[in-house]
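Colleague: Before I rely on this model, I would like to go through the reasoning behind its labels with you. Could you set each value against its criterion as we go?

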Amino acid sequence: MASSSLLHPSLSSLSPKRTVSYQSPSPRRPLSVSCTSSTFDPTSAATNSSPPPHRTRAADENIRDEARRHRPTPHNFSAKYVPFEAIAAGGASPESYSLDEVVYRSRSGGLLDVQHDMEALGKFDGAYWRRLFDSRVGRTTWPYGSGVWSKKEWVLPEIDDDDIVSAFEGNSNLFWAERFGKQFHGMNDLWVKHCGISHTGSFKDLGMTVLISQVNRLRKLKRPVVGVGCASTGDTSAALSAYCASAGVPSIVFLPANKISMAQLVQPIANGAFVLSIDTDFDGCMKLIREVTAELPIYLANSLNSLRLEGQKTAAIEILQQFDWEVPDWVIVPGGNLGNIYAFYKGFKMCQELGLVDRIPRLVCAQAANANPLYLYYKSGWKDFKAVTANTTFASAIQIGDPVSIDRAVYALKSCDGIVEEATEEELMDAMAQADSTGMFICPHTGVALTALDKLRKSGVIGAGDRTVVVSTAHGLKFTQSKVDYHSKDIPEMACRFANPPTEVKAEFGAVMDVLQDFLKSKKPK
């Protein structure tokens with residue numbers, strides 16, 4: 001008889017080790033790295049191909065101290081805030097702001113974007129940037145051991161290394177989903193980018209290291225920043241509280257009451273954040289935090305703040321790097337507040353514009369059907385956007401009905417001939433269970449993305465031979481209760497077709513043998 005009593009999730013295993021995988025289902029040209037300068041000097045990296053000298057730090061010296069002794073030659077790279085509407089229109093804007101200003105919107109009330117000096121970056125060719133970025137992978141040299149800060153020149157080029165707050169995030173595993181791809185989709189080139197294998201268990205670390213580093217800089221410049229605040233569906237608050245704790249900066253978190261998992265809730269609490277559990281949904285929390293940050297010296301950490309997207313875009317660059325700078329055909333990204341789909345587009349586009357690759361992949365944004373304003377807008381032919389009231393979804397981090405980055409997402413998708421798909425609750429939970437049955441352990445949001453993959457494969461939009469990357473945005477260990485409920489068949493009005501509950505059996509040899517023989521018979525090849 002099936003038992004509905006499963007093991008409770010462990011909160012002690014939310015920080016898995018990070019790994020970097022450079023795998024390929026077919027032979028590819030070998031990775032060639034000739035830039036190994038220990039100081040990562042942009043002016044010398046392209047020509048210095050000798051191994052770095054062995055160095056032993058003094059007993060009282062740490063990696064920051066060592067980095068100070070080996071500072072690179074100053075460069076003229078820079079970045080600034082500009083109105084996003086100017087970026088979308090493809091023109092220049094007379095309005096711009098220093099990144100050292102505390103500003104979130106343009107004078108017209110629109111979104112801002114971080115614009116880099118592409119002319120300065122373009123003085124170095126694509127081969128140079130590929131060598132430089134490849135040379136930093138896996139290092140412990142501060143701050144380049146981070147998958148974000150290994151691209152520092154493209155992220156926050158003017159920040160001092162001493163101001164950077166990093167847990168060496170990024171460099172997440174690009175996993176060849178061999179069995180899942182073949183068994184369920186007839187594909188042999190399906191990959192999963194495990195962004196959840198990170199410091200706090202989600203991709204939000206990539207953006208938060210950038211934002212808190214800039215806050216660290218602003219506080220040293222005596223800007224009026226006492227603390228940092230965010231509204232969150234769980235993962236943003238975890239990243240914010242961890243990086244603030246590392247920097248010694250107060251963090252304030254607005255959470256919708258009873259709408260996130262216990263594993264997500266415990267993270268900001270453990271990291272010392274001031275947590276407000278508010279009787280509203282994410283959109284209500286977002287409205288409140290925007291009002292509060294307009295009145296108090298609290299720096300806004302939500303993706304309305306475009307700094308976070310600078311870190312998140314590095315995941316796109318990593319994907320190219322892990323494929324030895326070959327471009328996949330498709331990248332599928334779960335979407336809620338919609339900053340991430342734009343961040344991926346921005347990372348791919350910068351690589352194209354600076355000559356690292358010659359094209360960009362098509363992007364797919366996958367939404368939960370219970371919170372699908374972008375999907376509905378896409379299906380209307382981009383003619384009629386309406387915010388929706390988000391209903392409860394197991395993909396709680398994307399349970400957002402009025403996304404801040406709607407304009408960014410639409411621009412990104414239109415620019416790459418992108419697609420938007422949706423997943424019902426049953427579809428996303430079944431997809432999660434199928435993926436887990438092949439050795440993965442994914443979050444419900446990745447289940448949304450895998451449902452989008454399934455629909456696009458069945459319709460023939462994505463071909464069997466297309467190299468496809470599904471972005472997994474959080475670690476499955478954050479959402480164990482949803483898995484417990486599924487495999488216990490304890491979800492109302494859901495068949496839970498792939499549930500695998502424990503089998504109860506008497507503590508008798510004969511009873512155990514009978515059960516095992518039946519199990520082995522069911523597994524014999526047919």
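Colleague: Which residue in S7 does Leu 255 stand opposite, and what makes S6 and S7 a pair?

Modeller: In this predicted model, Leu 255 stands opposite Ser 277 in S7. Two strands count as paired when there are at least two bridges between them, and S6 is joined to strand S7 (residues 274-278) by 5 bridges, so the criterion is met, with the strands running parallel. From S6 the chain crosses through helix H8 (residues 262-270) to S7, in a β-α-β crossover that is right-handed.

Colleague: What makes S5 and S6 a pair?

Modeller: The requirement is again at least two bridges, and strand S5 (residues 227-231) has 4 bridges with S6, in the parallel sense, so the two are called paired. Within this pair, Val 228 stands opposite Ser 251 in S6, and S5, helix H7 (residues 235-247) and S6 form a right-handed β-α-β unit.

Colleague: Why is strand S6 described as largely enclosed by the rest of the structure?

Modeller: Because 6 of the 6 residues of S6 (residues 251-256) are buried, a word kept for residues under 20% relative accessible area. In a regular strand the side chains alternate between the two faces of the sheet. Both faces of S6 are covered, with Ser 251, Val 253 and Leu 255 buried on one side and Ile 252, Phe 254 and Pro 256 buried on the other.

Colleague: Which residues have the most contacts inside the largest nonpolar core?

Modeller: They are Trp 154, Val 228, Tyr 299 and Leu 374, in a core of 110 residues, to which helix H12 (residues 339-353) gives the most, with 8 residues. Leaving aside residues up to four places away in sequence, Val 228 touches, among others, Leu 211, Ser 251, Ile 252 and Tyr 299.

Colleague: Are Lys 489 and Cys 496 buried or exposed?

Modeller: Lys 489 has 54% relative accessibility, and since exposed means over 50%, it counts as exposed. Cys 496, at 0%, is under the 20% limit and therefore counts as buried. Both lie in the loop between H17 and H18, and neither is a glycine, although phi is positive, about 55° for Lys 489 and about 50° for Cys 496.

Colleague: Where does pLDDT stay under 50?

Modeller: It does so over residues 1-40 and over residues 45-51, whereas the mean pLDDT of the protein chain is 89. Where pLDDT is low, the predicted coordinates should not be read in detail.

Technical notes: Residues numbered from 1 in each chain as written. Predicted model: local features only at pLDDT ≥ 70, side-chain atom pairs only at ≥ 80, totals over all residues. Heavy atoms only, no water. Core = buried A, V, L, I, M, F, W, Y, C linked by side-chain atoms within 4.5 Å. Buried < 20%, exposed > 50% of the residue type's maximum accessible area, 1.4 Å probe, protein only. Contact = heavy atoms within 4.5 Å. pLDDT = per-residue confidence, 0-100. Right-handed = clockwise from strand over helix to strand, strands pointing away.
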